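Visitor: Please take a close look at the aromatic side chains of this structure and at their surroundings. I should like one connected account.

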Amino acid sequence: GMASVVYGAIATILSVYFLKLAYSLFNADAKTSDEKAMGLFKYSILYLFLIFLSLGADGAVKTFLTGL
């Protein structure tokens, strides 16, 4: 594939935390659901940024190391 094991590990860690937040929202009561939804929304923006950043960095490092 195009990405390395390092990217896979980073993506897995970020995704597991995302799923934890989503599950927490799923089980939230009416009092805390808005707060948890906003937390999940904010993390989703950070999640996408970090996923794309790590994918780009992974590709840049691979290109630098292989000289392509």
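Guide: Tyr17, Phe18, Tyr43 and Tyr47 come together as one aromatic cluster in this predicted model. Aromatic pairs number four by the ring-centre rule. One of them joins phenylalanine 18 to tyrosine 47, with 5.3 Å from centre to centre and 35° between the planes, a tilted arrangement. Because phenylalanine 18 belongs to helix 1 (residues 5–26) and tyrosine 47 to helix 2, this pair ties together parts that are 29 residues apart in sequence. A second pair to consider is that of tyrosine 43 and tyrosine 47: their ring centres are 6.2 Å apart and their planes stand at 45°, so this pair is also tilted. Here both partners, tyrosine 43 and tyrosine 47, sit in helix 2, four residues apart, or about one turn of the helix.

The members of the cluster may also be considered by their exposure. Tyrosine 43 and tyrosine 47 are both buried. Phenylalanine 18 has a relative accessible area of 26% and is therefore partly exposed, since the buried class requires under 20%.

The two buried tyrosines lead on to the nonpolar core. The largest such core has eight residues: Tyr7, Ala11, Leu14, Leu21, Leu40, Tyr43, Tyr47 and Ile51. Helix 1 and helix 2 are the elements that give two or more residues to this core. One core member, leucine 40, touches Phe18, Leu21, Ala22 and Leu25, when residues up to four places away in sequence are left out of the count. Leucine 40 thus has among its contacts both Phe18, a member of the aromatic cluster, and Leu21, a member of the core.

Another contact with a core residue involves serine 54, which is placed in helix 2. With a relative accessibility of 12%, serine 54 counts as buried, because that value falls under the 20% limit. Leaving aside residues up to four places away in sequence, serine 54 touches Tyr7 and Ile10; of these, Tyr7 is listed in the largest nonpolar core.

Helix 2 also takes part in a feature of the surface. Methionine 38 lies in this helix, which covers residues 33–66. Its relative accessibility of 43% is the reason why methionine 38 counts as partly exposed. Together with Phe41 and Ile45, Met38 makes a nonpolar surface patch of about 310 Å². Helix 2 therefore holds the buried serine 54 as well as the partly exposed methionine 38.

Terms used: Residues numbered from 1 in each chain as written. Predicted model: local features only at pLDDT ≥ 70, side-chain atom pairs only at ≥ 80, totals over all residues. Heavy atoms only, no water. Patch = residues over 30% accessible without salt bridge, like charges linked within 9 Å, V, L, I, M, F, W, Y side chains within 5 Å. Areas by Shrake-Rupley, 256 points an atom, 1.4 Å probe, with all protein chains shown as cover. Salt bridge = Lys/Arg side-chain N within 4 Å of Asp/Glu carboxyl O. Buried < 20%, exposed > 50% of the residue type's maximum accessible area, 1.4 Å probe, protein only. Phe/Tyr/Trp six-rings, centres within 6.5 Å; stacked < 30°, edge-to-face > 60°. Contact = heavy atoms within 4.5 Å. Core = buried A, V, L, I, M, F, W, Y, C linked by side-chain atoms within 4.5 Å.
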